[in-house]
Amino acid sequence: MHYLLFYEVNEDYAQKRTAYRAVHLDHARQAVERGELVLGGALDKPLDGAVLLFRGSSPAVAEGFAAADPYVTNGLVKSWRVREWRTVVGAGAEVKLPPA
């Protein structure tokens with residue numbers, strides 16, 4: 001299944017993230033190497049959050065990522081949540097639609 005991790009960040013996120021960016025990106029790259037994190041990035045204009053796409057058998061992978069993310073543990077993220085995403089269209093979709 002696919003899971004979306006949503007971050008809502010603090011107003012000073014853009015200024016404070018520089019101090020934690022390298023370790024955050026290393027954390028993300030490790031999740032990619034394990035096959036858990038598919039895509040991720042900040043929302044822009046306004047820079048007020050981020051969305052990360054995970055693949056796994058439960059939301060635990062995305063939840064574990066957030067719990068250990070330096071942006072979360074250092075207070076740059078004011079809230080986060082994980083939602084199951086039932087993908088049906090595209091090469092990586094989890095649920096295949098019948099042919100048209």
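Buried residues account for 30% of the 100 residues in the protein chain. Keep that share in mind as we walk through this predicted model, starting with the overall outline and then moving inward.

The C-alpha trace spans about 50 × 30 × 20 Å along its principal axes. The accessible surface of the protein chain is about 6300 Å², and carbon and sulfur atoms hold 54% of that area. As for charge, there are 12 positive and 12 negative charges, and their mean positions lie 4 Å apart.

Now for the fold itself. The protein chain has 4 helices and 4 strands. If you trace the elements from the N terminus, you meet them in the order β-α-α-β-β-α-α-β. How do contacts relate to distance along the sequence? Among contacts in the protein chain with a separation of 6 or more, 70% are between residues 24 or more positions apart.

A good place to put your finger on the model is strand β1, residues 2-9. Which strands does β1 pair with? One partner is β3, residues 49-55, which runs antiparallel to β1 and is joined to it by 7 bridges. Within this pairing, L5 has L52 of β3 as its bridge partner. Another partner is β4, residues 77-85, again in the antiparallel sense, this time over 8 bridges. Here you can find L4 standing opposite R83 of β4.

Is β1 mostly covered or mostly open? It is mostly covered, with 6 of its 8 residues buried. In general, side chains in a regular strand alternate between the two faces of the sheet.

That brings us to the interior. The largest nonpolar core has 18 residues, and those touching the most other members are L5, Y7, L37, L52, F54, F65 and V77. Two or more residues each come from β1, α2 (21-33), β3, α3 (60-68) and α4 (70-73). The largest share belongs to β1, which gives 4 residues to this core. L5 and L52, the bridge partners you met earlier, are both on the list of residues that touch the most other core members.

F54 is worth a closer look, so to speak, as one of those well-connected core residues. Leaving aside residues up to four places away in sequence, what does F54 touch? Its contacts are M1, H2, Y3, L5, E36, L37, V38, V61, A62 and F65. Among them, L5, L37 and F65 also appear with F54 on the list of residues touching the most other core members.

Methods. Residues are numbered from 1 along each chain as its sequence is written. This is a predicted model: local features need pLDDT of at least 70, side-chain atom pairs count only at pLDDT 80 or more; totals for chains, interfaces and linings use all residues. Side-chain values use heavy atoms; hydrogens and water are left out. Buried means under 20% relative accessible area, exposed over 50%, partly exposed in between (1.4 Å probe, protein chains only). Two strands pair if DSSP finds at least two bridges between them. Contact means heavy atoms within 4.5 Å. Accessible areas come from the Shrake-Rupley method with a 1.4 Å probe; for residues, only the protein chains shown count as cover. Lys and Arg count as positive and Asp and Glu as negative; His and the chain ends are not counted. The place of a charge is taken as NZ of Lys, CZ of Arg, CG of Asp or CD of Glu. A nonpolar core is a set of buried Ala, Val, Leu, Ile, Met, Phe, Trp, Tyr and Cys residues joined through side-chain atoms within 4.5 Å.
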